[in-house]
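Me: I would like to learn how to read the features of a model such as this one, with the cut-offs behind each term. Could we go through them one at a time?

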Amino acid sequence: MHEYELCIEAMTPCGGSKYARREILEVETDSPVEYVKGNAQFPIMDVADAGDMIIITTGDGHGYVTRYTFTR
């Protein structure tokens, strides 16, 4: 298992990232993608691996987006 700092940003169609609801957690998981699949409200739309960060974006296709940023 790997330990990550997880930043969850929930955005609405009206507010975007400027008014996102943010939450920071410490999580242990073998797979950030599986973690999000098991805990997300919406399906996964995109996965980006940026070295020390894994960014997973979920959404409903109508403007509600949640971004999960895992940092090692």
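**Reading the model**

Reply: A starting point is E23, whose place is in strand β2; strands (E, at least two residues) and helices (H or I, at least four) are DSSP runs, numbered from the N terminus. The model is a predicted one, in which local features need pLDDT of at least 70 and side-chain atom pairs count only at pLDDT 80 or more, while totals for chains, interfaces and linings use all residues. Residues are numbered from 1 along each chain as its sequence is written, and side-chain values use heavy atoms, with hydrogens and water left out.

Me: How is the accessibility of a residue classed, and which class does E23 fall into?

Reply: Buried means under 20% relative accessible area, exposed means over 50%, and partly exposed is in between (1.4 Å probe, protein chains only). The areas themselves come from the Shrake-Rupley method with a 1.4 Å probe, and for residues only the protein chains shown count as cover. At 43% relative accessibility, E23 counts as partly exposed. As for its place in space, the C-alpha atoms of E23 and V36 are separated by 14 Å, the two residues being 13 apart along the chain.

Me: And what are the class of H2 and the C-alpha distance between H2 and S31?

Reply: H2 lies in strand β1 and is partly exposed, with a relative accessible area of 48%. H2 and S31 are 29 residues apart in sequence, and their C-alpha atoms are 8.3 Å apart in space.

Me: Which residues form the negative surface patch?

Reply: Patches are made of residues with over 30% relative accessible area and no salt bridge, where like charges are joined within 9 Å and nonpolar side chains (Val, Leu, Ile, Met, Phe, Trp, Tyr) within 5 Å. Lys and Arg count as positive and Asp and Glu as negative, while His and the chain ends are not counted; the place of a charge is taken as NZ of Lys, CZ of Arg, CG of Asp or CD of Glu. In this structure E3, E5, E26 and E28 form a negative surface patch, and the elements giving two or more residues to the patch are β1 (2–11) and β2 (21–29). One of the patch residues, E26, lies in strand β2 and counts as exposed, at 55% relative accessibility.

Me: How many salt bridges are there?

Reply: A salt bridge is a side-chain nitrogen of Lys or Arg within 4 Å of a carboxyl oxygen of Asp or Glu, and a search of the whole structure finds three. In one of them the side chains of E9 and R22 meet at 3.1 Å, N to O; E9 lies in strand β1 and R22 in strand β2, so this pair ties together parts that are 13 residues apart in sequence. E9 counts as buried at 10% relative accessibility, whereas R22 is partly exposed, with a relative accessible area of 47%.

E9 also forms a salt bridge with R67, the closest N and O atoms being 2.9 Å apart. Because R67 lies in strand β5 and E9 in strand β1, that pair ties together parts that are 58 residues apart in sequence.

Me: Where does the salt bridge between E34 and K37 lie?

Reply: The side chains of E34 and K37 meet at 3.8 Å, N to O, and the two residues, being three apart in helix α1, are separated by about one helical turn. K37 is exposed, with a relative accessible area of 55%. Elsewhere, salt bridges that share partners join E9, R22 and R67 into one network.

Me: How many aromatic pairs does the structure hold?

Reply: Rings of Phe, Tyr and Trp (its six-membered ring) pair if their centres lie within 6.5 Å, and planes under 30 degrees apart count as stacked, over 60 as edge-to-face and the rest as tilted. The structure holds two aromatic pairs. The rings of Y4 and F70 have centres 5.6 Å apart and planes at 85 degrees, so this pair is edge-to-face. Y4 lies in strand β1 and F70 in strand β5 (residues 65–71), so the pair ties together parts that are 66 residues apart in sequence. F70 is buried, with a relative accessible area of 0%.

The rings of Y35 and F70 have centres 5.9 Å apart and planes at 85 degrees, so that pair is edge-to-face as well. It links distant parts of the chain, with Y35 in helix α1 (residues 32–39) and F70 in strand β5, 35 residues apart. Ring pairs thus link Y4, Y35 and F70 into a cluster.
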